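Visitor: I'm new here, so could you walk me through this one step by step? I'll ask, and you point things out as we go.

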Amino acid sequence: MAESTAGSASTRAIAALIRRLGFVQLDTISIVERAHHHILWARRHAYRPATLERLQRSGNLFEHFTHDASLIPAEWFPHWRHRFQRVQWSRWFGERLAGRKDELLAMVRERIRNEGPLLARHFDDPDHKRGAWWDWKPAKAALEYLWRTGELAIPQREGFEKVYELTERVMPAFHELPTPDEESHIAWACTGALERIGAGTAGEIAAFWKAVSPGRARVWAEAACGRGEIERVAIETLDGTRNGFAVRGWKRRLRAAEDPSEAMRILSPFDPLVRDRARCGRVFGFRYRFEAFVPAGQRSHGYFVLPVLRGQAFVARIDPKMHRAMGTLHVKRVWWEPGVRPTRALKRSLGEAIEGYGVFCGADRIEIDES
C-alpha cells in the first residue's frame, strides 16, 4: 500500500482502483462503516460511498462471489459463467422451493421482466413461516438461484437488501460477450491473481478468486514457468520457506516500488492485506481473528476490531463503534502489537489516523479510551 491516500477519488479513479485490487468484498456489518467502503477509503481518503453505488448502478460493477460476496469489474463477467455452470440444483435449494421449482422460476422471471427491478419482499408469501436466518421463503430461494446462475444481477441495494434485475438489462454489453474456454479462463484467473499478490504458492493463487482449484493453479504455474511467463521462487515467511511463483521481473518491480508511507492506515477486517488470515500471519507476523461471531466471553480483543498498518508492519488494533445518533466515534480500546513501543509520536500518529477515519464515518466527535 505504497500509493498515497491523497490520490483522486473520481468515479474513473475508483473504477481503476477496483480493477487493480481485483474486487471489493462486501459485508453487512455497519458498526462503523461497511467493509467495501472502508477498503476503498483506506487507499483514497477523498472516497465517498456514493461513488461505489454509482459504479454499481451504471453496470460497471457486478455483484457475485469470489472467496465471498464482492463487487467485481463488469468486463470480467464472462469468466463468472464458469462459476455459474458449477451451481448445482442442491437439496438445500430444492427444499426451499417446496417442489415448485419450474413454477417459481417462471413466476420470478416473468414478474421482473414485466415490472423491472424487485426486492425479495416484493414476493411476500403469507403462508411462509419465518424461522432461522437461512429459512428463505420459496420466492427468495428462486431469486437467489437465478442470481447465482447469472440470469439475474444486483444493480443496487436498498438498505443493504438486494435489488434483482435481469442481467441482460443491467449490463447488456458484457452480458453479450462470449464465454472464455476453460484454458483461457484458468490462465486469466491465475495470471490475475499473481499480478495482485506478487508472489505466492499455487494454493494462494487459487484462493484469490476461488475460481480454480489449487491443483489446476499448480499445473498452470508450472507450464507458465516453462514458457518464461512467470518465475519460480522460494518464498521466505515467518514459519519457513515455501516453494512458489512470482510475477516475471519481480526484482525489477520491487526496486521500482515506492517506499510505503509511515502514516498509519486503519484497515477493514476484510481488506485485501488481511482477508487471507493465514497468509497475513506468515508474511507480516500479524495474527488476526475476526471476532464478531465469537461469543463475547471468548474474544481476545473485541467485536469489530480494526488492524492498524504503518509502513510494512501492523502496529496496533483498535475497537471502534460509531454512535450515529450522537455523531460520535468511540474507540473503546487500543492494543499495541508485541514489540511496538507506543511513543508519544506513535500515539499522535494513531490519533490523527482515528480522526481521519472519524471524518469518513461522519463523526462530529472522537472519543478514545485509554488502553
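**A tour in questions**

Guide: Let's start with an open sheet: three strands form it in the order β1-β3-β2, with antiparallel pairing. Strands pair if DSSP finds at least two bridges between them; helices (H or I, at least four residues) and strands (E, at least two) are DSSP runs, numbered from the N terminus. Before we go on, this is a predicted model, where local features need pLDDT of at least 70 and side-chain atom pairs count only at pLDDT 80 or more, while totals for chains, interfaces and linings use all residues. Residues are numbered from 1 along each chain as its sequence is written, and side-chain values use heavy atoms, with hydrogens and water left out.

Visitor: Which strands are the edge strands of that sheet?

Guide: An edge strand here pairs on one side only. That picks out β1 (24-25) and β2 (61-65).

Visitor: And which residue in β3 stands opposite Val24?

Guide: β1 and β3 pair in the antiparallel sense, over two bridges. Opposite Val24 in β3 you'll find Leu71.

Visitor: What about β8 and β9: how many bridges join them?

Guide: β8 (residues 230-237) and β9 (residues 240-247) run antiparallel and form a hairpin with two residues between them. One bridge partnership is Val233 with Gly244 in β9. The number of bridges joining the two strands is eight.

Visitor: How sure is the predictor, and which element has the lowest mean pLDDT?

Guide: pLDDT is the predictor's confidence in each residue, from 0 to 100; the chain averages 92, and 95% of the residues score at least 70. Over residues 128-134 the pLDDT is below 50, and beyond near neighbours in sequence that stretch has eight contacts (heavy atoms within 4.5 Å) in the model. Among the elements, the highest mean, 98, belongs to helix α12 (residues 214-226), and the lowest, 74, to helix α5 (residues 91-96).

Visitor: Now the aromatic rings: is the pair of Trp41 and Tyr357 stacked, tilted or edge-to-face?

Guide: Rings of Phe, Tyr and Trp (its six-membered ring) pair if their centres lie within 6.5 Å; planes under 30 degrees apart count as stacked, over 60 as edge-to-face and the rest as tilted. By this rule the count comes to 22 aromatic pairs. For Trp41 and Tyr357 the centres are 5.3 Å apart and the planes sit at 50 degrees, so the pair is tilted.

Visitor: How many residues apart are Trp41 and Tyr357?

Guide: Both are buried (under 20% relative accessible area; exposed is over 50%, partly exposed in between, with a 1.4 Å probe and protein chains only). Trp41 sits in helix α2 (residues 35-41) and Tyr357 in helix α15 (residues 344-361), distant parts of the chain that are 316 residues apart.

Visitor: What kind of pair do Trp76 and Trp209 make?

Guide: Both of these residues are buried, and they belong to one aromatic cluster that also includes Phe23 and Phe208. Their ring centres are 5.6 Å apart with planes at 80 degrees, so the pair is edge-to-face.

Visitor: On to charges: which residue forms a salt bridge with Arg218?

Guide: A salt bridge is a side-chain nitrogen of Lys or Arg within 4 Å of a carboxyl oxygen of Asp or Glu, and the count comes to 26. Arg218 is partly exposed, with a relative accessible area of 38%. Four residues from it in helix α12, about one turn of the helix, and with the closest N and O atoms 3.7 Å apart, is its partner Glu222.

Visitor: Are Glu337 and Arg317, another salt bridge, buried or exposed?

Guide: Their closest N and O atoms are 2.7 Å apart. Glu337 lies in the loop between β13 (328-336) and α15, and Arg317 in strand β12 (residues 313-323), so the pair ties together parts 20 residues apart in sequence. Glu337 and Arg317 are both buried.

Visitor: Last one: which side chain of opposite charge is nearest to Arg275?

Guide: Arg275 is found in the loop between β10 (264-266) and α14 (277-284). Leaving aside neighbours within four places in sequence, its contacts include Phe23, His67 and Phe208. Lys and Arg count as positive and Asp and Glu as negative, with His and the chain ends not counted. Arg275 is buried yet has no salt bridge, and 5.9 Å away is the nearest side chain of opposite charge, Asp276.
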